[in-house]
Amino acid sequence: MNLPYKELLAHVGQKRYEHVLRVMELCEEYALLHELSQEDAKVAAFYHDFWKYKDVDQQYQAARNLGMGITEEGRMYPPVYHGHLAADYVLELGYNQDIANAIRYHTTGRAAMSGLEMALYLADYLEPKRKFPGVDELRELAREDLNAAMRVAIEKNMDYLKRQNQPIHPDSLACYHYYVLGKGSKA
């Protein structure tokens, strides 16, 4: 598989590029452990932050250049827009909907995520440079059970957003209700 590593580096810069490589490695590990497509995991992780670190105006311009509309959601929640833009981009490149969904929801999560969606969400959240209380235990849990790890991860994420007085995306609320309030099922 020929992924455009030089183009990624040009888009995101060295620091974010190194982050993407760490996420790719962890996402592929989760895919192997949970019998998911490692190729899909690699592609999803590669493109998950492809439009990250561009200011919002640059993201909107990129969307216009690619013939994509700028959604109301993109205006209300700029930190998640890069995932939506990258998801639409990979569909244009011919990749499958599961890869696109994993990219689209890697910042927010959503209810009833696929195995690939959970693997990318968790790999991005738990990549080796991330440091927070309980991160090592959560990494181990993700190796054993993606659903259980999602429960812990989305709960921690929601607590963080509340403490920071940040708006909570509707998909994150749906994810929380699904995984934390007991509506989740085995992937």
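**Order of elements.** I read the elements of this predicted model from the N terminus on and noted the run α-α-α-α-α-α-α-α-α-α. My tally of the secondary structure is therefore ten helices and zero strands, a helix being a DSSP run of at least four residues.

**Burial and surface.** I next looked up how much of the chain is covered, and found that buried residues make up 49% of its 187 residues. For the exposed area I wrote down about 9,300 Å², of which carbon and sulfur atoms supply 49%. Among the contacts with a separation of 6 or more, I noted that 58% are between residues 24 or more positions apart.

**Salt bridges.** I then turned to the charged side chains, for which the count comes to eight salt bridges.

I looked up Asp49 and Arg16, whose side chains meet in a salt bridge with an N to O distance of 2.7 Å. Asp49 sits in the loop between α2 (38-47) and α3 (56-65), while Arg16 belongs to helix α1 (residues 5-33), and the pair, 33 residues apart, links distant parts of the chain. Asp49 counts as buried because its relative accessibility is 1%, under the 20% cut-off. Arg16 is buried as well, with a relative accessible area of 13%.

I followed helix α1 to Arg22, which forms a salt bridge with Glu127, the closest N and O atoms being 2.6 Å apart. Since Glu127 lies in the loop between α7 (115-126) and α8 (135-144) and Arg22 in helix α1, I recorded that this pair ties together parts 105 residues apart in sequence. Glu127 has a relative accessibility of 2% and so counts as buried.

I also checked Glu29, which forms a salt bridge with Arg143 at 2.4 Å between the closest N and O atoms. The pair links distant parts of the chain, with Glu29 in helix α1 and Arg143 in helix α8, 114 residues apart. I entered Glu29 as partly exposed, at a relative accessible area of 28%, and Arg143 as partly exposed too, at 27%. Glu140 joins Glu29 and Arg143 in a network of salt bridges.

**Tyr176.** My last entry concerns Tyr176, which I located in helix α10 (residues 170-179). Leaving aside neighbours within four places in sequence, I found Tyr176 in contact with Ile154, Glu155, Met158 and Leu181. I also looked up Gly109, which is 67 residues from Tyr176 in sequence and 8.5 Å from it in space, C-alpha to C-alpha.

Definitions and conventions
Residues numbered from 1 in each chain as written. Predicted model: local features only at pLDDT ≥ 70, side-chain atom pairs only at ≥ 80, totals over all residues. Heavy atoms only, no water. Helix = DSSP H or I, 4+ residues; strand = E, 2+ residues; numbered from the N terminus. Contact = heavy atoms within 4.5 Å. Buried < 20%, exposed > 50% of the residue type's maximum accessible area, 1.4 Å probe, protein only. Areas by Shrake-Rupley, 256 points an atom, 1.4 Å probe, with all protein chains shown as cover. Salt bridge = Lys/Arg side-chain N within 4 Å of Asp/Glu carboxyl O.
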